[in-house]
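Let's go through this model together and ask what earns each feature its label. Have the structure open beside you as you read.

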Amino acid sequence: MNADEVAAIIEREIPDATATVTTPRDPDDDRHYAVDVVSPAFDGKSLVDQHQLVHDALGDHLTRDIHAIELTTSTPE
Amino acid sequence: MKAMSFEPEQLSREEAHENVKETIENNEVALFMKGTEMLPQCGYSRKALGLIGQHRDDVATVNVLTATEAYREKLSEYSGRETIPQTFVDGEFVGGSDILERLDDSGDLAETLEV
């Protein structure tokens, strides 16, 4: 599963989300991703709940196709 | 003498499930990680251990590699996710290494770990 597919899933599942997915370690490492998601859907949610939204969006892909994600979440300015 | 190997002894599914329940309920700070405190086997687990270690020296660690699937399955009942590592404080899910890092950045980690 490549970075674009990961971003596409997140943007499809989370309302008005902008997802930026990069491989923090090495370019062809397609199992560990740094994922940054900006969406108004995070507004008023705790850090854990914000992260939970992304984990739910990725569903079974997480741990099966994607080994791990380093997640940062925020609401648009 | 059992040969020194990194292949941890495998636990049964029931033992792993019981371990999750018991460790979460009986410890203030619990960290389910890949590897042990002495030999973390994954960068995220090592990062989580380091962040918690700045504030607590009594964290109960569990090496999920002894029954990875069983641990993921049972942990998801408590946290809603299967990724490792997972941190619990007073029985409540706190997060993985990324959340611990965000809390550290915002200066809220000590408070979250109830120092």
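**Labels and the reasons behind them**

Just after α4(B), the residue G107(B) has a positive phi of about 80°. Please keep in mind throughout that this is a predicted model.

Q: Which residues of α4(B) are buried?
A: In α4(B), the buried residues are S97(B), D98(B), I99(B), L100(B) and L103(B).

Q: What do the buried residues of α4(B) pack against?
A: On chain A they pack against α2 and β3. On chain B their partners are α2 (43–53), β3, β4 (92–95) and α5 (109–112).

Q: What makes the pair F32(B) and F88(B) edge-to-face?
A: Two values decide this. The ring centres lie 5.8 Å apart, and a pair needs centres within 6.5 Å. The planes stand at 85°, and edge-to-face needs an angle over 60 degrees. Both conditions hold, so F32(B) and F88(B) are an edge-to-face pair.

Q: Which parts of the chain does the pair F32(B) and F88(B) link?
A: F32(B) sits in strand β1 (residues 29–33) of chain B and F88(B) in strand β3 (residues 86–89) of chain B, 56 residues apart. Both F32(B) and F88(B) are buried.

Q: Why is the pair Y78(B) and F88(B) called edge-to-face?
A: The ring centres of Y78(B) and F88(B) are 6.4 Å apart, which is within 6.5 Å. Their planes are at 90°, over the 60 degrees required, so the pair is edge-to-face. This pair joins helix α3 (residues 68–79) of chain B, where Y78(B) lies, to strand β3 of chain B, where F88(B) lies, with their positions 10 residues apart in sequence counted as 10 residues apart.

Q: Are Y78(B) and F88(B) buried or partly exposed?
A: F88(B) has a relative accessible area of 1%; buried means under 20%, so F88(B) is buried. Y78(B) is at 29% relative accessibility; partly exposed runs between 20% and 50%, so Y78(B) counts as partly exposed.

Q: Which residues form one aromatic cluster, and how many aromatic pairs are there over all chains?
A: The cluster is made of F32(B), Y71(B), Y78(B), F88(B) and F93(B). The count over all chains is 4 aromatic pairs.

Q: How do you know that H32(A) is buried?
A: H32(A) is at 13% relative accessibility, and the cut-off for buried is under 20%, so H32(A) counts as buried. This residue lies in strand β2 of chain A. Among the residues that H32(A) touches are T22(A), H67(A), A68(A) and, on chain B, Y44(B).

Q: Why is Y33(A) called buried?
A: Y33(A) has 1% relative accessibility, under the 20% limit, so Y33(A) is buried. Y33(A) is also in strand β2 of chain A. From Y33(A) to L71(A) there are 38 residues in sequence and 8.4 Å in space, C-alpha to C-alpha.

Q: What makes D56(A) partly exposed?
A: D56(A) is at 49% relative accessibility. Exposed would need over 50% and buried under 20%, so D56(A) counts as partly exposed. D56(A) belongs to helix α2 of chain A.

Q: Which residues have the most contacts inside the largest nonpolar core?
A: They are I10(A), Y33(A), V35(A), V37(A), V54(A), L58(A) and I69(A), in a core of 20 residues. Two or more residues each come from α1 (3–13), β1 (18–22), β2 (32–38), α2 (47–58) and β3 of chain A. The largest share, 5 residues, is from α1(A). Another core, of 15 residues, lies apart from it and includes V29(B), L31(B), A48(B) and V89(B).

Q: How many cavities of 30 Å³ or more are there, and which residues lie nearest the centre of the largest?
A: The count is 1 cavity, and about 150 Å³ of space lies in the largest. Its lining has 16 residues, with A68(A), I69(A), T83(B), I84(B) and P85(B) nearest the centre. By type, the lining divides into 6 nonpolar, 5 polar and 5 charged residues. The largest share of the lining, 3 residues, comes from β3(A).

Methods
Residues numbered from 1 in each chain as written. Chains lettered and ligands numbered in written order. Predicted model: local features only at pLDDT ≥ 70, side-chain atom pairs only at ≥ 80, totals over all residues. Heavy atoms only, no water. Phe/Tyr/Trp six-rings, centres within 6.5 Å; stacked < 30°, edge-to-face > 60°. Helix = DSSP H or I, 4+ residues; strand = E, 2+ residues; numbered from the N terminus. Buried < 20%, exposed > 50% of the residue type's maximum accessible area, 1.4 Å probe, protein only. 1 Å grid on protein atoms, 1.4 Å probe; cavity = no way out; pocket = protein on both sides within 12 Å on 5 of 7 lines; lining within 4 Å. Points joined across faces, edges and corners; volume = space filled by probe spheres on them. Nonpolar A, V, L, I, M, F, W, Y, C, P; charged D, E, K, R; others polar. Core = buried A, V, L, I, M, F, W, Y, C linked by side-chain atoms within 4.5 Å. Contact = heavy atoms within 4.5 Å. Lists of a residue's contacts leave out its neighbours within four places in sequence.
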